[in-house]
Protein chains: 2
Amino acid sequence: MATGDNQIRIGLLSSSNIVRKVSRAINLAPNATITAIASISISIEEARSFAKSNGFSPTAKIHCSYESLLEDPEVDAVYFPIPASLHVEWAVRAAGKGKHVLIDKPVGLNVSEFDQIVEACEANGIQFMDGTQWMHNPRTAKIQEFLTDPVRFGQLKTVHSCFSFAANENFLKNDIRVKPGLDGLGALGDAGWYTIQSTLLANNFKLPKTVTALPGPVLNDAGIVLSCGALLEWEKEITATIYCSFLANLTMEITAIGTKGTLRVHDFVIPFQETEASFSTSSKDCFSEHKVVTEFIQEACMVIEFARLVGEIKNRGAKPDGFWVSISRKTQLLVDAVKESIDNNLEPVFLSGR
Amino acid sequence: MATGDNQIRIGLLSSSNIVRKVSRAINLAPNATITAIASISISIEEARSFAKSNGFSPTAKIHCSYESLLEDPEVDAVYFPIPASLHVEWAVRAAGKGKHVLIDKPVGLNVSEFDQIVEACEANGIQFMDGTQWMHNPRTAKIQEFLTDPVRFGQLKTVHSCFSFAANENFLKNDIRVKPGLDGLGALGDAGWYTIQSTLLANNFKLPKTVTALPGPVLNDAGIVLSCGALLEWEKEITATIYCSFLANLTMEITAIGTKGTLRVHDFVIPFQETEASFSTSSKDCFSEHKVVTEFIQEACMVIEFARLVGEIKNRGAKPDGFWVSISRKTQLLVDAVKESIDNNLEPVFLSGR
């Protein structure tokens, strides 16, 4: 797609595999385009071939360093498909150069890193968004409608969310998600991030008062979480349980139970079908299946929303939107709290004041 | 149905509401019949009218006391729809009179009461069964086939089970399930019994090594559990979470995740339809819906199995079958353990040696 006047110009920091998915999404988004890629681990020729095979415009620039991409005046925003341990350095630098940031989860290795990124964004009028795609699926808005409906759902009592997949031997040895120096939060920062965000969604993004890791976490030799569960507790005995794992069959469930209704989602992270997503609800004796047909795949919906917010700033002088930062920070806080509870013999962690 | 030679003659201890469901089941079971009812809270006329409206044979006897029913030579077995606090006394007496026993959950107020009942059964060659109906639905056998399939399911990693219903104000004030002197285990002994038995089913009826109640239990003024959760842990980091409640919308879920497959059941306690029950499974990328058509409703399946076992003893001199006792005792042990953990500030309870 040619660069339109109103398209947000996105630079990709790295040419790792995840880039394929997001670059497809950017290509699909009418309000965004890829104008540059920084590739430090492959040759210029390989990068050019990668760009071509992923449908980048022939005018997209290839940078040989991250610094160089951040200096590019034809880049409005940067997507960070790099290990979490590098996020804080490069996101702060990007913000300093006036680039808006779209950062994969986990945003930081802890909330202190998260806050450094957000401070840099605030200081420079930068839009921040984390790359949690399912939150942008139109189905999620429909789910939220049900969960906030006092007649169909009532008041949340409990929610259970799990996301697991059975990683192969190679993943469990070599993936960045099991390496302490890279994505040091393991299954918790990856699969767990989604489950925690879904429990926040179920309780209208209210932070719980305590988080307690459950017995039975599995850690690898380097101390990285491969599988764990946790209990979140809000006021009025409202609870959530989460389970995340690299060691169990692919499962992506939300079961939320209110005083008057129940929600069930079987594929909340990645819908079984790209452009039609379903969920079921029951209220009293009435069981309903809901299908939400979407014009765009959910990762394109994310890019469209990000580019829209960046466009508001770039073209209309708006201030950065705080909604996504707020949800993302709460998620990071809770991920941290589960890790802290695991490290402290499953003691409860109190969130008050954090 | 007339009393056939091979039909097991069942006496009902009480004419409470639950009797309607089980007496219908006995009427449907070809190998059982109702020959007597003991009614101590209503008049003979009312009892006769109750017997008629519930399809009892006109020859069914009305007893004015439990003792009298237990003396009746035309009663082979007794069903106990009476509060749990009365089970130990009357089940031990029934066993002493040579009557086989079918006892609603919770069997005892604690495992010590349970063991008194079972000892009396063993001493008198009596068949014991608890009245957990869903375990006898043919769907449950199909579910178990999937859960024990090394190719489709692999090794269990975690299972989540919840059973909740929103009890009305009258129930929460007056039902025997919220009264300390009656069914003193509250939601745990009722809804929780099912969830615990389903987690045992998922792990091939192996007892976990620890049980820990989760933060957020809700107790009424008399200390009866109205809602709670728990974590069960087996060897090799296999875990289960349960949630049971009288305070949340009707939900009856099992989600079991293995290394190779996932099971989902949405109506495990009482199937949405009486004679067709479904569940879904996924193994790798293959998602399947399974429907199990049943000739008999699940409560009739339970009666048929109970009467079959009693018949083996009565007509063929067999010994009582130990399978159902074993599952039932494990369930009672775990119910006790959750209660103990709640009473002990959510400390883990170790099951070893119990």
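Me: Which strands of chain B does helix α1 of chain B lie across, and at about what angle to β2(B) does it run?

Reply: In this predicted model, helix α1 of chain B comprises residues 18-28. The strands that it lies across are β1, β2 and β4 of chain B. Relative to β2(B), the helix runs at about 150 degrees.

Me: Is strand β2 of chain B buried or exposed?

Reply: Strand β2 of chain B covers residues 32-38. Buried means under 20% relative accessible area. Seven of the seven residues of the strand are buried, so the rest of the structure largely encloses it, and the word asked for is buried.

Me: How many bridges join β1(B) to β2(B), and which residue of β2(B) stands opposite B:I10?

Reply: Strand β1 of chain B, residues 8-13, runs parallel to β2(B). The number of bridges joining them is six. Opposite B:I10 in β2(B) stands B:I34.

Me: Over how many bridges do β2(B) and β3(B) pair, and which residue in β3(B) is the bridge partner of B:I37?

Reply: Strand β3 of chain B, residues 61-63, pairs with β2(B) in the parallel sense. This pairing extends over three bridges. The bridge partner of B:I37 in β3(B) is B:I62.

Me: Which helix makes a β-α-β unit with β2(B) and β3(B), and is the unit right-handed or left-handed?

Reply: The helix that joins β2(B) and β3(B) in this unit is α2 of chain B, residues 44-53. Together the three elements make a β-α-β unit that is right-handed.

Me: What is the strand order of the sheet in chain B, and which are its edge strands?

Reply: The sheet of chain B is open, has six strands and shows parallel pairing. Its order is β3-β2-β1-β4-β5-β6. A strand at the edge pairs on one side only, and in chain B this applies to β3 and β6 (128-130).

Me: How many bridges join β4(B) to β5(B), and which residue of β5(B) stands opposite B:Y79?

Reply: Strand β4 of chain B spans residues 77-80, and strand β5 of chain B spans residues 100-103. The two run parallel and are joined by four bridges. Opposite B:Y79 in β5(B) stands B:L102.

Me: What is the average twist from one strand to the next in the sheet of chain A?

Reply: In chain A, six strands with parallel pairing form an open sheet in the order β3-β2-β1-β4-β5-β6. The edge strands of chain A are β3 (61-63) and β6 (128-130). From one strand to the next, the twist averages 25 degrees.

Me: Which residue of β4(A) stands opposite A:L12?

Reply: Strand β1 of chain A, residues 8-13, pairs in the parallel sense with strand β4 of chain A, residues 77-80. Three bridges make up this pairing. Opposite A:L12 in β4(A) stands A:Y79.

Me: Are α4(A) and α5(A) roughly parallel or roughly antiparallel to each other?

Reply: Helix α4 of chain A, residues 87-96, packs with helix α5 of chain A, residues 111-123, at an angle of about 5 degrees, and their axes are 8 Å apart. Angles under 35 degrees count as roughly parallel. The helices α4(A) and α5(A) are therefore roughly parallel.

Me: What relation superposes chain A on chain B, and through what do the copies meet?

Reply: A rotation of 180 degrees with 0.0 Å of shift along its axis superposes chain A on chain B, with an RMSD of 0.0 Å. That is the relation of a two-fold axis. Of the interface residues of chain A, 100% are also interface residues in chain B, so the copies meet through the same surface.

Note on methods: Residues numbered from 1 in each chain as written. Chains lettered and ligands numbered in written order. Predicted model: local features only at pLDDT ≥ 70, side-chain atom pairs only at ≥ 80, totals over all residues. Heavy atoms only, no water. Least-squares fit on C-alpha atoms with pLDDT ≥ 70 in both. Contact = heavy atoms within 4.5 Å. Buried < 20%, exposed > 50% of the residue type's maximum accessible area, 1.4 Å probe, protein only. Pairing = 2+ DSSP bridges. Right-handed = clockwise from strand over helix to strand, strands pointing away. Axes fitted to C-alpha atoms, helices over the stretch in contact; angles between N-to-C directions. Parallel < 35°, antiparallel > 145°, perpendicular 65-115°, else oblique.
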